[in-house]
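Me: I am new to this structure and should be grateful for a close look at a single part of it. Please describe one strand and its surroundings, and then the metal site.

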Amino acid sequence: MEGEQLTEQETALYDRQIRVWGADAQRRLSKSHIFVYGMKGTVAEFCKNIVLAGVGSVTLMDDRVVTNEALASNFLIPPDEKVYSGKTLAELCCDSLKEFNPMVHVSVEKAELVTLGQQFFEKFDVVVISSCPPATKILINEKCRKLSKRVAFYTVECRDSCGEIFVDLQNYKYMTKGKTDGPASECELRYSSFQEATSAPWGRLQRRTSKLYFAMRVIESFEEANGRNPGAFSVEDVPAVLQLKRQLCEAQSVSESFVPDTLLERLVIGSIEFPPVCAIIGGILGQEVIKAISGKGDPVKNFFYFDVVDGKGVIEDISSRAPEADSASSKSANIITQVVLE
Amino acid sequence: MASLQQSPAIKGAKVLMVGAGGIGCELLKTLALSGFEDIHIIDMDTIEVSNLNRQFLFRQKHVGQSKAKVARDAVLRFRPHISITSHHANVKDSSFNVDFFKQFNVVLNGLDNLDARRHVNRLCLAAEVPLVESGTTGFLGQVSVHVKGRTDCYECNPKPSPKTYPVCTITSTPSKFVHCIVWAKELLFAKLFGDKNQDNDLNVRSNDSTGSSEQTEDVFERKADESVEHYGRRIYDHVFGYNIEQALSNEETWKNRNKPRPIYSSDVISAELMQQNGSSDKAGSADDPLSVSAMASLGLKNPQDLWSLMDNSRVFFEALKLFFGKREKEIGSLGFDKDDQLAVEFVTAAANIRAASFGIPLHSLFEAKGIAGNIVHAVATTNAIVAGLIVIEAIKVLQKDFDSYRMSYCLEHVTQKMLIMPVQPFEPNKSCCVCSETPLTLEINTNHSKLRDFVEKIVKAKLSMTSPLIMHGSSLLYEVGDDLDEAMIANYSANLEKVLSSLPSPVTSGTMLTVEDLLQEFTCNINIKHREEFDEENEPDGMVLLGWTQVPTKPKDDDDKPHTGNGVSTSKASETDPAVAQADAGVVKINVEAIDASGKKRKGPDSKDISLDPPSNVADEATAANHKKVQQIDEDEEDLVVLDQWDIDTNKKQKLR
Ligand SMILES: [Zn+2]
C-alpha cells in the first residue's frame with residue numbers, strides 16, 4: 001500500500017472526503033472489495049454510498065426479478081418494463097451503480113448463495129447480507145470466520161420504519177482518538193458471530209435493550225418456523241406472530257411486555273421498507289463499512305437500530321458469550337490492550 | 001409507516017427544497033421515493049468535479065450545468081410521473097417573495113451558508129410556512145423543525161459567525177498556520193493582484209516606526225522596465241526579509257514571543273535556479289485561466305506533499321511569473337478563489353514561507369487550500385442520513401403531528417448509546433429580534449460613523465438584509481429598490497456619506513431606527529446609543545450591536561487543526577468572503593462529558609447532564625462558558641433528550657410533554 005499515491009483525478013474527485021478521513025484511508029478504500037447479497041432499498045442506498053466513497057469493487061448477487069415492492073424503495077431500478085424485463089435485481093442495480101463512479105468496478109455474480117464455498121469469500125474484505133433467512137446469515141458468517149484473513153461481515157434488514165444492522169469484525173484492532181483530542185490509543189474489540197449475537201438469553205439482557213432486537217428475533221423465528229421468505233407477511237399473520245412471541249417470552253422466562261405487541265404489528269403489517277429509513281440505515285451501514293476498511297473511527301459493536309417512532313439511532317452490544325453488564329463497563333472489558341501512543 | 005407513500009398528506013403536498021447540493025441530491029431522491037409528487041428546487045450553483053463524490057445525481061458530463069436542473073432530470077428518470085420544478089436562481093432573488101413561499105406546505109433547506117439560511121427563515125416566518133433546516137460537516141449532521149409560534153425560529157439561537165483575527169496577529173505576530181494563510185490571502189495576494197484602491201494592512205504595522213506609507217506603497221508596483229524575476233525578488237525580499245527586520249526592531253513585541261527570522265531570496269534560491277525555474281509550456285493554457293499552474297510547470301505533482309522552503313519559494317516566483325505572463329489582464333481585479341489553482345499555489349507558498357520565518361509548521365497545498373477556501377468537509381453517508389431525517393420531519397409537519405417534532409443530531413461518537421440523537425425542539429426565544437419584536441441596541445459614535453457604515457456593518461453584514469429600508473420616525477433615510485427616481489437615489493447616496501448626527505433627520509443617542517427588508521418582510525427596531533470610543537482590536541467595526549443573537553466573535557488566538565477547518569478572514573475581510581465559514585455548515589458539535597468512552601470516568605447512572613458546545617461544527621473551547629445544557633429525562637419506556645435554550649438570559653428548562 002505504501003508508496004502508491006492517489007492519482008490527480010482521484011484527489012480532485014474525492015477532495016471533500018479526503019478532508020474527512022485522509023489520503024491513507026482513501027487509498028485503502030480504493031483497494032477494498034465488497035460483496036453484497038439482497039438488493040432491496042436499504043442495500044441500494046448502501047451500495048450508492050460505498051461506490052461514491054470509491055471502494056475498489058462491488059460484487060452484487062440477487063437473482064430475483066423486479067416486483068412492485070422492489071420498485072417502491074429502490075431508486076437504482078428504472079420503472080420501465082422495457083428496461084427491467086428479463087433482468088435480475090442485481091443486474092439492474094449494477095447498471096445504475098456503474099454510472100455513479102467510473103473508478104469503481106461493479107459486477108454481478110450469479111450463484112446460489114448457500115452453495116458458495118468458503119474460498120469464494122476470500123476475495124472480499126467486506127460481506128453484506130440482506131433479505132435472507134437467519135440460517136443463511138449464520139452459514140455465510142461462519143464461512144467468513146473460518147478464513148485466514150479477516151472479512152468484515154454485516155447483515156442489514158429494514159422493515160416498515162425500523163432498521164437493524166449487525167456487525168461482526170471478529171477481532172478488530174484500531175487506533176481510537178475517543179471524544180477528546182488526547183493521544184490516540186490502540187483498541188481491540190472482540191465481536192460475536194451472528195449466531196452468538198442472536199441467541200443471547202433475553203433474561204440476561206438489560207431491560208432497556210432496544211425492543212427491536214427482540215422483535216426482529218421473533219420475526220425471524222416466525223419466518224423460519226413457517227418457511228416464509230423474509231418480509232412475506234400479511235395482516236392475517238399478526239395473531240400467529242403474537243402467539244409465537246408469547247411462547248418465546250415464556251421460554252426465555254421474561255415478561256410478555258418485553259416485546260411490545262404494537263411494535264410487532266408494525267413489523268408484520270408494514271413489511272415494505274420506508275425510503276427515509278432506507279437512507280438512514282444505508283447511510284450508517286456505509287459509514288461502518290468505510291470505518292472498517294480504513295481503520296479510522298470507532299465501529300459499531302455490534303447492533304445498530306433505528307425506529308422512526310422515537311427517532312433514535314441506538315447501538316446495542318449483545319453477545320451470548322459473556323454475561324451482560326451495563327453497556328459502558330462491558331465496552332471497557334472488551335478492550336484487551338490499550339497502549340497509549342505518542 | 002410504509003403505507004405513507006400513498007398518504008394524501010404526502011401526495012397532495014407541495015414542497016420547496018432550497019439547495020440541490022450534497023444534502024439536496026439525497027433529499028430529492030428520498031422525497032421522490034417517499035411519495036412526494038410536487039417538488040420545487042432552487043439552486044443557483046453549477047456542478048463542479050469535487051461535487052461528484054457525494055452529489056450522486058450528477059456525472060462528469062454535467063460539470064458546469066445547473067444543479068437544480070440536472071438533479072430534476074436525474075430523479076425524473078426513476079420517478080417519471082411526478083412534478084419537479086427547478087429554479088436555477090438565487091433564493092434571495094425578489095421573485096421568491098412571500099407570495100411565492102406561501103404556495104408551499106413545507107420548506108426544506110439544504111443550504112451551505114448562513115446568509116441564505118437567515119433569508120429563508122424570514123420568508124418562512126412571514127409566509128407562515130414550516131421550515132425544516134439541516135446541515136452537515138464530516139460525520140456530523142443536524143436537522144431541526146421551525147414552525148412559527150410552536151418552535152424557535154432558525155435565528156432564535158445564536159449562530160457562530162466567521163472567525164476573525166486581530167489585525168496585529170496577522171500583520172506582525174502570527175502564531176498559527178491559519179494566521180499565515182490569512183496574511184497571504186487577504187493581504188499579500190490582495191495587494192499584488194487585487195484592487196489597488198482597497199485598504200490593505202500589509203505594510204501598516206511592520207512600518208510603524210519608519211517612513212511614510214506613501215513610500216512603501218511603491219514597493220508593490222512593478223516598475224515599467226522591470227523584469228518579472230527582479231520584481232518577484234524585490235517583493236519577496238521586502239515582505240519576508242525587510243518587513244521582518246523592521247518588526248524585529250521593535251524589541252517590546254518579542255519579549256514573550258519567539259523572534260521571527262528574516263528570509264531573503266538569495267539565501268533560499270540561487271540565481272541559476274531562478275533562471276531555470278519552471279517551464280511555462282507545461283503550466284497550462286492561457287485560455288483556461290483557472291487551470292494555469294506553477295506546480296505543473298515546476299513538475300510538482302502531489303498536492304498532499306509538504307514542500308521545502310526552497311520549493312515554496314520556487315512556487316512563489318513561478319506563480320508570480322505566470323500571473324504576469326499568462327493572466328496579466330486580470331491583475332488589479334483578482335479576488336482569491338479556491339478553484340483558482342494558481343491563486344491557491346501562490347497563497348500556499350507565501351503562507352509557508354511566512355510560517356518558516358515564524359517557526360510555524362509548514363502545510364501541504366491540499367491542507368492550505370482547505371483552510372484558505374473554507375472548504376466544508378463532506379461525505380455522502382451523512383448527507384443521506386440527514387436527508388432521511390428531513391423527510392421524516394417533513395411528514396410529521398404535513399400530518400400536523402406537533403408533539404413528535406424532533407431536532408436530530410448525527411453524532412460521530414456514541415452518546416448515551418446513540419449515533420442519531422433526537423431532542424425536543426426549542427421554544428421560541430422571546431427576545432429573538434427576528435420572530436419577536438424585541439428592539440436591538442446599537443452602540444455607535446453618532447458623530448463619526450456614517451450612514452454607510454451602519455448599512456454595511458449592521459444592516460447587511462449582521463442583519464443579512466438584501467433590500468433594506470431605514471426609517472427614523474416617518475422620515476426615510478435610506479432605501480434600495482428598482483422603482484426609485486433619480487432625485488431619491490441622489491438623496492440616499494448623499495445620506496450614505498453623512499455622519500449619523502448630521503442626517504436630515506439627525507440620529508443621536510436615544511433615537512429609535514426602524515430597519516425593514518421588504519422582500520423578507522422583516523422589520524427590526526434599533527435603539528441608538530452614542531458611545532465615544534471603541535477598541536480597535538476587539539471592536540473593529542467601531543460599533544457594537546447588543547441583543548443580536550450571534551456568538552460574540554472574540555478575537556482570539558486559539559486555532560483548530562486543519563482537519564477541523566476554519567472560517568478564515570481578517571476582521572476587515574470577514575463579511576466579504578463569499579465562501580464564509582465552516583460555521584455555515586450549520587452543525588452543532590455535541591460533547592458528552594457524562595459518559596466516558598472507556599467507561600473509566602463515568603459518573604453515576606443518574607447523571608444526566610451533557611454539555612453541548614455552541615452551534616458550531618468547529619470545536620470552540622473559548623465559548624465553553626456558553627454551553628447549552630442537555631437534560632435527559634429518563635422514563636421507563638422512552639427517554640428523550642431535552643435541551644435548554646442556549647441564550648443565558650433565557651436559561652429556562654423545558655419540561656417534557
Ligand atoms: Zn426567532
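Reply: The account below takes up one strand, its partners and the zinc site. This is a predicted model, in which local features need pLDDT of at least 70 and side-chain atom pairs count only at pLDDT 80 or more, while totals for chains, interfaces and linings use all residues; side-chain values use heavy atoms, with hydrogens and water left out. Residues are numbered from 1 along each chain as its sequence is written, and chains are lettered from A and ligands numbered from 1 in the order in which they are written.

Strand β8 of chain B covers residues 418–423, and 6 of its 6 residues are buried (under 20% relative accessible area, 1.4 Å probe, protein chains only). Strands here are DSSP runs of E with at least two residues, numbered from the N terminus; two of them pair if DSSP finds at least two bridges between them.

Within chain B, β7(B) (residues 407–415) pairs with β8(B) in the antiparallel sense over 5 bridges, and Y409(B) stands opposite M421(B). The two strands form a hairpin with 2 residues between them, and Q416(B) in the turn has a positive phi of about 50°. From chain A, β10 (residues 312–316) also pairs with β8(B), antiparallel over 2 bridges, with V314(A) and M418(B) as bridge partners.

The zinc ion has as protein donors (N, O and S atoms within 2.8 Å of the metal) the SG atoms of C153(B), C156(B), C432(B) and C435(B), lying 2.3 Å from it. Their spacing in sequence is C-x2-C-x275-C-x2-C. The arrangement is tetrahedral because the 4 donor atoms subtend angles of 93 to 114°, and the criterion for four donors is that all angles lie between 85 and 135 degrees. C153(B) is buried, at 3% relative accessible area, and C156(B) is buried at 0%.

How values were computed
Buried means under 20% relative accessible area, exposed over 50%, partly exposed in between (1.4 Å probe, protein chains only). Helices (H or I, at least four residues) and strands (E, at least two) are DSSP runs, numbered from the N terminus. Donors are N, O and S atoms within 2.8 Å of the metal (3.2 Å for Na, K and Ca); water is not among the atoms, so sites may look incomplete. Four donors count as tetrahedral if all angles lie between 85 and 135 degrees; four count as square planar and six as octahedral if opposite donors are over 155 degrees apart and all others between 65 and 115; anything else is irregular.
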